[in-house]
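Reader: I have a model to look over, and I want to talk through its cross-links and charge pairs. Can we take it in short steps?

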Amino acid sequence: MISTWASVIVMLVAFVNVARNEDDLQPCARLQTSSSVVPLGSPVRATCVIREGCPLVTGQDVHIVWRLGEHFLPSSPVANASGRISEVVIPSFNHTRAFLTCCVQASSVQVVGGVEIRAGYPPTAPHALSCQTNLTTPTTLTCSWDPGQQETHLLTKYTLHTLIWDSNENHTYELPPGVHSYTIPRAGFVLFSKMEIYVKAVNELGEATSVPIILEPVSAAKFDPPTILMFQALPKRYGCLTLSWSLSQDQAWMRGYRLNLEVRLKTADSSQWSEQPIPVSGFRPTRPVQQCRLLHGTRYLAQIRVRYKQSPWSDWSSSQSGVTLESAPTGRLDSWMRVSGDPMHKQLNIHLFWKPSKQFHANGHNVSYVVSVQKLPGEKGKVCSTMENYCSFQLPRRAKKVYMSAVNAAGKSPPTEVRIYLAKAPTVISDVIVTSLDDRSLLVKWGSLVSSTLTGFVVEWTPLLETDLSLTQFEKTDRNITSLVITGSFEPYKPYGISVYPRFKDGIGLPQTVTAYSRQRAPSMIPKMTIRKAWDSRVELTWDEIPFDQRNGIIQNYKVFYWAEKGPVNVVNADPKDRRVVLKDLNSVYLYEAFLAVSSYGGSLNGSAIHFKTEPFDAVAVVTIVIVSGFGLSLLIIFIVVTCSSNQKKLKGRFWPVVPDPANSSIKRWTSESSQDTHLASDSEEPNPIYLSHLSFLDLPVKLSKEDDDLWLNHAEATSDLGESICGSPCSPGYSGSNSDSVPYATVIFPGPCSSPTSKGPCVYLRSESTQPLLETQESFSPRCYQNMATDGMQRDQCFFGPSHDCVPAEEVDPDILWDDFPFLRALAMNDTEND
């Protein structure tokens, strides 16, 4: 548009600068060029001739200048001329279009002539010519081509030419500028007659023609997608399906012609179609197509497409499903077993997982699995029957193997033997590293120690936030493979437990387990910090663990940021397992602010801020507490010492009772001192001293009276120690025990001390029998045999303390001296007198 207006302006200026009279309307100058359209970059030559009668140059010298667009060009006058002729040469014209003007320079520059020069390229031959017939109503033939990548910068016209061979009929179709395809109507071609087609391109610099193509229009037809009418199994033909199909309604008239067909299949649980479609050549739509060598009892989806000879393929038809006849499952199952059990129990807990191997074929669409302890599974040996990919059960510890079989309506597969191995203590796995490749795959690497019994590895993975065992998957590798790419529907931001087990010839080793994520991000929440302890210039901060389902990744570290008022920000790193920090060197004058930041490998999150302030250290209060505590402790120690010193005897009597020694004691001391010390009555009771004789009677020959004898015999069968009281019996001892193996002895209890011989209370005997010889066998520690001085003329066999070879009647002595020397005998005599 700009160049058009510029051309108009040049023409108007040149028209103004012509002769003014009506008889002379010729322009002042005539401009000649080699061509107004030139190849881009080629040289251009132009000549300008000023007319003699041009009023602009009358009576003055002529000076001609050239201008290309807005730029002046150097020029040279023609020799032997009056200066009214000038010539200019442009060595390379690099503009697609520009105005070349001739001007006269007098008092001003006046344009006296001009011409527009255009430049470009000749057209290139069109290529990639193709035509396609549309068999729908209306039937047409559409041809298209590629004009080439080079821009001509000139107006180029394209024409489509056809020649029908049978009728030698030519047709030429002109196209609008910029259009590179054309649809030939049905009258311009014959479906089953060959025709020649080509395209010609023309512009001002030349023309070019494409390579002609020869085709039969029906062979260039793209059919509509066909329709599958039926896809079903053949009777008694395992692994075969038959397919019936038809063309669309607009192309049904082609059903009598032979067409080429392609079929593609996939199983119902597969996401990928077969890599190579199955070709079927020369089939009429009326004839069904059979597809065999398929898996038994498997549901398939099928699609087809058609073409005629070498025409383009139609689009794929819609899918149709069919199921082959069922047969018994074939092949083996890959299995993985986890065994656990308490050594004290006789049962093993078994989790058995399995998956189809590459050789396994279910051959049915409703397949269940049976686990049995017998090779031929039956109801008696069956431990599990399920349609899942795992089973949990218990077996006796003596069990060595189980058998797995797949079952469908047609039968059972051959059993797969699975040996039961207990876990072995040693482990050879180390440094398990998991790297995310994408959302559907993880790379697992591990190290292993050299072991001659190592046969391979098992990689097991399961989502940690799920409890369904059916989500557990596994993969086995050889011993020389220490890396594996595991694939599956891994959810981003969800944790997965990945374990690597070593397999030995006789068992399974201990695993190494790590937590992995297919994709990580910052945690969904952050725990709240709390002040656990604050003292002097330190504060201990703690926080809870982030819930497993909100971590969204592996926690890398915790950081605590804290600062005082208008102070610098300090950062303390915390151990992810410890979850606590101690902030040191704090000033009690300032108020501090802190917040917690949690980072994972996918991002970080900051928590809310808390404020705290430490208490100043009070030295006076601490010294006061120490002094008061020390003073109280001293008073307590003094009180305990005084109490123990004043009650030493009482405490000693309670914890270490004094047992009198009959060999070195007298009855007087017993009654006045020892017996009182050993009385263990409580403080609330009145003192009631008991006075004991501690006498023993051994083998007394004197017969008791009938009454006394009965009294002792009534207790002859008693065996308790010091438990029977004989009150009211005479004090004269004359008892002989009924048990010849036992040594009778008795304790005499007096109602008062021996210093009061006038006491009227009766004495009491406590009888016991013992197999210990007591005084009889311990002569060196027993008192000497005394004679009862209460009655004169006592016989030898009446010796009170028992028979003795040195017990002889003593001479008469002064009775007063005798009682003083033998208070024991005095007490006995007093008792005898009272009894008499």
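Reader: What is the handedness of the disulfide of C131 and C143 in this predicted model?
Author: The model is predicted. In it, a disulfide joins C131 to C143, with an S to S distance of 1.9 Å. The torsion about that S-S bond is about 110 degrees, so the disulfide is right-handed.

Reader: How many residues apart in sequence are C131 and C143?
Author: The disulfide joins C131 to C143. C131 sits in strand β10 (residues 127–134), while C143 sits in strand β11 (residues 140–146). The pair links distant parts of the chain, and the spacing is 12 residues.

Reader: Is C131 buried or exposed?
Author: The cut-off for buried is under 20% relative accessible area. The partner C143 has 0% relative accessibility and counts as buried. C131 has a relative accessible area of 13%, so C131 is also under that cut-off: buried.

Reader: How many disulfides does the structure hold?
Author: A disulfide is a covalent bond between the sulfur atoms of two cysteines. C131 and C143 form one of them. C48 and C102 form another, with an S to S distance of 2.0 Å. The structure's total is five.

Reader: Which strands does the disulfide of C48 and C102 tie together?
Author: The link of C48 and C102 is left-handed, with -85 degrees about the S-S bond. The pair ties together parts that are 54 residues apart in sequence. This is so because C48 lies in strand β3 (residues 44–50) and C102 in strand β8 (residues 97–105). The strands are β3 and β8.

Reader: What is the relative accessible area of C102?
Author: Its partner C48 counts as buried at 0% relative accessibility. C102 is buried too. The relative accessible area of C102 is 0%.

Reader: Why is C103 not bonded to C102?
Author: C103 is buried, with a relative accessible area of 0%. The closest cysteine sulfur to that of C103 is in C102. A disulfide needs the sulfur atoms within 2.5 Å. The C103 sulfur is too far for a bond, because the distance is 6.6 Å.

Reader: What is the torsion about the S-S bond of C384 and C391?
Author: C384 and C391 form a disulfide, with their sulfur atoms 1.8 Å apart. Both cysteines, C384 and C391, are buried. The link is right-handed, and the torsion is 130 degrees.

Reader: Now the charge pairs. How many salt bridges does the structure hold?
Author: Side chains of opposite charge can pair when their charged atoms come close. One of the pairs here is E204 with R118, the closest N and O atoms being 2.5 Å apart. The structure's total is 15.

Reader: Where does E204 lie?
Author: E204 forms a salt bridge with R118. The pair links distant parts of the chain, 86 residues apart, with R118 in strand β9 (residues 109–120). E204 counts as partly exposed at 49% relative accessibility. E204 lies in the loop between β15 (195–203) and β16 (206–209).

Reader: How many residues apart in sequence are the parts that K355 and E475 tie together?
Author: K355 forms a salt bridge with E475, the closest N and O atoms being 2.8 Å apart. K355 lies in strand β26 (residues 347–356) and E475 in strand β36 (residues 473–478), so the pair ties together parts of the chain at a spacing of 120 residues.

Reader: What relative accessible area does E475 have?
Author: K355 counts as partly exposed at 25% relative accessibility. E475 is partly exposed as well. The relative accessible area of E475 is 30%.

Reader: Is E540 buried or exposed?
Author: E540 forms a salt bridge with R580, the closest N and O atoms being 2.8 Å apart. R580 is partly exposed, with a relative accessible area of 30%. E540 has 4% relative accessibility, so E540 counts as buried.

Reader: Which residues do salt bridges that share partners join into one network?
Author: E540 lies in strand β42 (residues 538–542) and R580 in strand β45 (residues 580–583), 40 residues apart. Salt bridges that share partners join both into one network. Its members are R532, E540, D578 and R580.

Reader: Last one. Which helix holds V641?
Author: V641 helps make a nonpolar surface patch of about 600 Å², along with L633, L636, I637, F639 and I640. V641 is partly exposed, with a relative accessible area of 48%. The helix, residues 619–646, is α2.

Terms used: Residues are numbered from 1 along each chain as its sequence is written. This is a predicted model: local features need pLDDT of at least 70, side-chain atom pairs count only at pLDDT 80 or more; totals for chains, interfaces and linings use all residues. Side-chain values use heavy atoms; hydrogens and water are left out. Patches are made of residues with over 30% relative accessible area and no salt bridge: like charges are joined within 9 Å, nonpolar side chains (Val, Leu, Ile, Met, Phe, Trp, Tyr) within 5 Å. Accessible areas come from the Shrake-Rupley method with a 1.4 Å probe; for residues, only the protein chains shown count as cover. A salt bridge is a side-chain nitrogen of Lys or Arg within 4 Å of a carboxyl oxygen of Asp or Glu. Helices (H or I, at least four residues) and strands (E, at least two) are DSSP runs, numbered from the N terminus. Buried means under 20% relative accessible area, exposed over 50%, partly exposed in between (1.4 Å probe, protein chains only).
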